[in-house]
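Please open the model in your viewer and keep the selection panel at hand. The tour moves from one selection to the next and describes what is found at each stop.

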Amino acid sequence: MGSVNALVGSGYAPLAAMILASRGIATAQAAQEYLRCDAPLPDPFMMNDMDIAAGRVGLAMSRGEKIAVFGDYDVDGITATCLLTDFLRRQGTDCVSYIPGRLEEGYGLNPLAIRQLHDEGVTLIITVDCGITAVEEAQLCRELGVDLIITDHHECKEVLPDAIAVVDPHRPDSSYPHNTLAGVGVAFKLAAALSGSQEEVLEQYADMVCLGTVADVMPLQGENRTFVSQGLESLRHTRRPGIAALMRQCGCTPDSVCASAIGFMLAPRINAAGRMGQIDLAVELFLTDDPVRADALAEQLCDLNRRRQAVESEIYQQAVSMLPMGQLPEAIVLADESWHQGVVGIVASRIAEEYACPAFLICLDGEHGKASSRSHGGFNLFASLTALSPLLESYGGHELAAGFTISRDNIPEFRRQVCALAADYFSDDTPRTLLDVDCVISPELMTIPNVESLDILEPCGNGCPKPVLMMKNLLIERIHLVGGGRHMRLRLRSGRYTLGAIYFSVCSESAAVQPGDLVDVAFTPQINEYRGERSVQMNVLDIRPSCAVPCTPETAGYRALREDRLTPDVAAVLTPDRPMLATVWRYLAGMGNSIEESPMCLCRKIVRWSGKPMNLGQMMTCLDIFQDVRLLRVVRQHKNLSIRLIPSDHKADLSQSQTLQRLMKAKES
């Protein structure tokens, strides 16, 4: 509380002070440093090989050599390609851009592209947002007499490509202070090194750096925060006809542009060009000076995005239908010949989120497959692929998203081994999905001035997330479905305070709530404007049952039980007594023969129903005891438990439970 008072005393509004304090920011000076959007930009030449890269590009410019900027087909790669291409052309350089076809060539440098560029007279290739694993391709460049400069931001493998220069803040020998730059950020640094003025280059290209940084979900801290803050301002007054046209097409007004708008509105439409095999549309959109052409390009990108959504929906339905019945594996690995290579990454992301586990979707073509994967719960994809690299033909990416190629014959063994890695990483008892809450607040803090004060946190995104607040013991007075039944509007009450809330993409059945329930609500606060009236609204992220008595996610004792390392003290605390067993059984029996629920939510519902304390480990132990004596069957479906009661005419003898016997034996030892 002292930190909150100190921040309030320094002029911060109470709600903003509480959020800053919850993030470990105790003083006004620390808050200023955390929130500042004008952090100094480190010297580009602090990056390894930047001097060599800038020297070689400068030499090519002075000689009139033909340069190719070779990029990637996502927003980061497109903006990086366009930034460096436009910068070099404005210096009078003979420069072409090349982004490989996602479907025909795949990711990164490839021999076909290198030979084509060589035949066109290119003597220097500069990669942006790719190239860090292109060892064989770098050797081909040397054989052809084409110089290669690599600028990238992805994780490095043990061997770096033998290029003229390798500029990547992830190099193990790097001393650059920020290793979280996007690919477009590294491309910007090269342009700045050539220019001699970072400020001038950023003023010219802040919009592109901002788009790529946000779309690639880079942490909005330090240098990136400066990029995005200045970039958002540039987007509000953009001088690029293509960006202005795209913003108009998707309804992103200058007043509404923010990091979230980039992520949900602009980025998907730019990405659609690469995903649907028409990357030139996005490149031309950024480089055109013709407003009429810009409008046509923006319209085509929006149409491509609608087609992408239709393909995504079809692949998602197919993928879900392929999941095994019963207990799902610890990681989902699916393959099909008909899937669209440009879209499977989005589907993998959706499946990983929905099923709370890493997802790997493989597009088969003959005897080989190209995969896109997405992580969940902190599972490190790049480290896992490195461990399984003997099964792969190639791979790359980072912790949260990665791609690889694999022989069809190796897919079953890859599936087996990656599921084993995921099983070692995830624990059966702990929640798979966790929502980090900044702080618990009381309803009187939900005022328009307090919510408006949170604007100081902008730009919000990875590394500086939107505030997540929680209110406890709210009574659901009314539920009203909106948006054709797809969303849920609620009226909540706490004492004399009435609060409005919206819960997107959720109905009362899926949220397992009804009027009269007492709940805890996690939400982001926002100002709602309707017919000229402004009011505070809760944008709900999650709802759970309120508990009047202790209900904790403690599972250390239960893990000790599962791993056969019980001590007498742990066993004494974990062992459920007869009343606790009876409470859990009566609740389950009252819910019918089938229950689908997350472990922690089920525990809270039992505690609220009974009014008796219990932790998650104790509830899981009760379920194991019941399963031992065939009262029920429990299957873990990632974030949920699937519980089926087994009908029986005989009274079960709980003393015959192996789980209970182990607990009793440990207590007595």
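Select Lys 189 and Glu 223 in this predicted model. Both residues are buried, and their side chains meet in a salt bridge with an N to O distance of 2.4 Å. Widen the selection to the two helices: Lys 189 belongs to helix H8 (residues 183-195) and Glu 223 to helix H10 (residues 223-236). The pair thereby links distant parts of the chain, 34 residues apart.

Next, select Asp 564 and Arg 662, whose side chains also form a salt bridge, at 3.9 Å from N to O. Asp 564 lies in the loop between helix H20 (556-562) and helix H21 (568-574), while Arg 662 lies in helix H25 (residues 658-668), so the bridge ties together parts that are 98 residues apart in sequence. Are these two residues buried or exposed? Asp 564 is exposed, with a relative accessible area of 63%, whereas Arg 662 counts as partly exposed at 36%.

For a view of linked charges, select Arg 56, Arg 63, Glu 65 and Asp 147, which are joined in a network of salt bridges. The structure holds 30 salt bridges.

**The three-stranded sheet**

Now select Glu 596 and Arg 644, a salt bridge in which the closest N and O atoms are 3.1 Å apart. Glu 596 sits in strand S17 (residues 594-597) and Arg 644 in strand S19 (residues 640-645), so this pair ties together parts that are 48 residues apart in sequence. Glu 596 is partly exposed, with a relative accessible area of 44%, and Arg 644 is likewise partly exposed, at 34%.

Extend the selection to the sheet that holds these strands. It is an open sheet of three strands in the order S17-S19-S18, with antiparallel pairing. S17 and strand S18 (632-637) are the edges; each has a single partner strand, so one side of each is left without a neighbour in the sheet. From one strand to the next, the twist averages 15°. Four bridges join S17 to S19; Ile 595 has Ile 643 in S19 as its bridge partner.

Two helices can then be added to the view. Helix H22 (residues 578-590) lies across S17, S18 and S19, and runs at about 85° to S19. Helix H24 (residues 616-628) packs on the sheet and touches S18 and S19, its direction making about 130° with that of S18.

**Helix H23**

Select residues 599-610, which make up helix H23. At 1.5 Å a residue, its twelve residues should span 16 Å, and the end C-alpha atoms are 17 Å apart, which agrees. How many of the twelve residues are buried? Nine are, and H23 is thus mostly covered. Colour the buried set: Pro 599, Met 600, Cys 601, Leu 602, Cys 603, Arg 604, Lys 605, Ile 606 and Val 607. Step past the end of H23 to Gly 611, whose phi is positive, near 75°.

**The five-stranded sheet**

Select the open sheet of five strands, ordered S2-S1-S3-S4-S5, in which the pairing is parallel. Strand S2 (94-98) and strand S5 (165-167) are the edge strands, each pairing on one side only. The twist here averages 20° from one strand to the next. Helix H5 (residues 75-90) lies across strand S1 (66-70), S2 and S3, running at about 170° to S2.

Within the sheet, strand S3 (residues 122-128) and strand S4 (residues 147-151) run parallel and are joined by five bridges. Centre the view on Ile 126, which stands opposite Ile 149 in S4.

**The nonpolar cores**

Keep Ile 126 selected and display its contacts. Leaving aside neighbours within four places in sequence, Ile 126 is in contact with Val 57, Ile 67, Ala 68, Val 69, Phe 70, Leu 84, Leu 88, Ile 149, Thr 151 and Leu 190. Which members of the largest nonpolar core touch the most other members? They are Leu 88, Ile 126, Phe 188 and Ile 351, out of 99 residues in that core. For the final selection, take Val 4, Ile 25, Ile 441 and Val 536, which are included in a second, separate core of 40 residues. In soluble globular proteins, nonpolar side chains tend to be buried together.

Definitions and conventions: Residues are numbered from 1 along each chain as its sequence is written. This is a predicted model: local features need pLDDT of at least 70, side-chain atom pairs count only at pLDDT 80 or more; totals for chains, interfaces and linings use all residues. Side-chain values use heavy atoms; hydrogens and water are left out. A nonpolar core is a set of buried Ala, Val, Leu, Ile, Met, Phe, Trp, Tyr and Cys residues joined through side-chain atoms within 4.5 Å. Buried means under 20% relative accessible area, exposed over 50%, partly exposed in between (1.4 Å probe, protein chains only). Contact means heavy atoms within 4.5 Å. A salt bridge is a side-chain nitrogen of Lys or Arg within 4 Å of a carboxyl oxygen of Asp or Glu. Two strands pair if DSSP finds at least two bridges between them. Axes are lines fitted to C-alpha atoms, for helices over the stretch in contact, and angles run from 0 to 180 degrees between N-to-C directions. The expected span of a helix is 1.5 Å times one less than its number of residues.
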